[in-house]
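Me: Let us go through this two-chain contact in short turns. Please keep the replies brisk.

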Amino acid sequence: MHLILFFLFAGLCLAGAINLLLQSHPINSALSLIVVMTSLAVLYLLLGAEFLAIAQIIVYAGAVMVLFTFVVMLLNAGREERTLGSHAAARIGFPAVVAILAVLATVILRAQGLGAVHLGEGLTNSHGSSNLVVLSQVLFHELLLPFEVTSVLILVAILGAVALARRDDEERTAEK
Amino acid sequence: MSLLQHDVPIAWYLLLSAALFSLGVVGFLIKRNLITVFMSIELMLNAVNLSFVAFAYQWHQVRGQIFVFFVMMVAAAEAAVGLAIIIAVFRVRATLAVDRIDLMKL
């Protein structure tokens, strides 16, 4: 069962990622990215990370991708054009990326001591409590300060996004 | 029936993560639309998150999952600011093609 689920959703992940590269319209790329992120959520579930699977769907497949599709539609982004720069990047970039992937695959396949994933045996089963309990115990006791700092970061990001995206008063009066 | 009870090696998850990361790098290099380039960066972040979760399983450490949680929050903030920058660039240049956006100065 685990093997079938893994191959199904790993295949969906790779297919979505490849489709993201092949599509020339940004909205199609955004929709394939949603496929990738939702399949990754299922893989997180297989790895026993229930909270992260739900957070992946809500934050990534939900919030972030809605933002992306909204901007694609707002800016009315059309098909991308192929230029000289893209051909040069493809010619130099592909061998480099293949080399990186080969190195990574060699390191991973030769690594000693990597175990196997057993379905239903998350990292917290030995404690007899759920994934969420263990996660929140560490997050809200030992890592409370980083957690609060991140909330400040998000506040700053929201203010920054509003400040960047709004028009200046001069521009608006010039339009009138 | 042996197929149903088969365990999946951690290495396969890591290989999938490496493949997704490489596809993200390829997208970053060959895509010529500013929004799609940004999506490739999100794809790379997701690939790294998968290897974090796989290693959290391998070493039975909950901190790997918490790191993914922080990466998600920072990525959400990054997406908001990045898309605001894209809107600001589009307002000045009226294009999303990265080849035409070749000056830092707006």
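The turns below cover the chains, their contact and a few residues.

Me: What kind of model is this, and how is it numbered?
Reply: Residues count from 1 along each chain as its sequence is written, and chains are lettered from A and ligands numbered from 1 in the order in which they are written. Side-chain values use heavy atoms, without hydrogens or water, and local features need pLDDT of at least 70, side-chain atom pairs pLDDT 80 or more, while totals for chains, interfaces and linings use all residues, since the model is predicted.

Me: In what order do the elements of chain B run from the N terminus?
Reply: Helices (H or I, at least four residues) and strands (E, at least two) are DSSP runs, numbered from the N terminus. Chain B has three helices and one strand. Their order is β-α-α-α.

Me: And which order do the elements of chain A follow from the N terminus?
Reply: Chain A holds seven helices and one strand. From the N terminus, the order is α-α-α-α-β-α-α-α.

Me: What share of the residues of chain A is buried?
Reply: Buried means under 20% relative accessible area, exposed over 50%, partly exposed in between (1.4 Å probe, protein chains only). In chain B, 59% of the 106 residues count as buried. In chain A, with 176 residues, the share is 34%.

Me: How many residues does chain A bring to the contact with chain B?
Reply: Contact means heavy atoms within 4.5 Å. Chain B brings 74 residues. Chain A brings 88.

Me: Which three residues supply 10% of the area that chain B buries against chain A?
Reply: Buried area is the accessible area (1.4 Å probe) that two parts lose on being put together, summed over both. Here it is about 7,400 Å², with 77% from carbon and sulfur atoms. On the chain B side, no other three residues give more than B:Met39, B:Tyr57 and B:Met72.

Me: Which residues form the salt bridge between the chains?
Reply: A salt bridge needs a side-chain nitrogen of Lys or Arg within 4 Å of a carboxyl oxygen of Asp or Glu. The count between chain B and chain A is one. Its closest N and O atoms are 2.2 Å apart, and the partners are A:Glu142 and B:Arg63.

Me: Which element gives the most residues to the side of chain B that touches chain A?
Reply: The elements giving two or more residues are β1 (8-9), α1 (10-30), α2 (34-59) and α3 (63-93) of chain B. With 24 residues, the one that gives the most is α3(B).

Me: What is the bridge partner of A:Ala116 in β1(B)?
Reply: Two strands pair if DSSP finds at least two bridges between them. Strand β1 (residues 116-117) of chain A pairs with β1(B) in the antiparallel sense, over two bridges. The partner of A:Ala116 is B:Pro9.

Me: Is B:Gln58 buried or exposed?
Reply: B:Gln58 sits in helix α2 of chain B. Leaving out residues up to four places away in sequence, B:Gln58 touches A:Gly113, A:Leu114, A:Gly115 and B:Ile10. Its relative accessible area is 13%, so B:Gln58 counts as buried.

Me: Which residues does B:Ser22 touch, not counting residues up to four places away in sequence?
Reply: B:Ser22 lies in helix α1 of chain B. Its relative accessibility is 5%, so B:Ser22 is buried. Its side chain reaches the backbone oxygen of B:Ala18 at 2.9 Å. Beyond that sequence window, B:Ser22 touches A:Val97 and A:Leu101.

Technical notes. A polar contact is a pair of N or O atoms within 3.5 Å; within protein, one must be able to donate a hydrogen and the other to accept it, and residues adjacent in sequence count only if both atoms are side-chain atoms.
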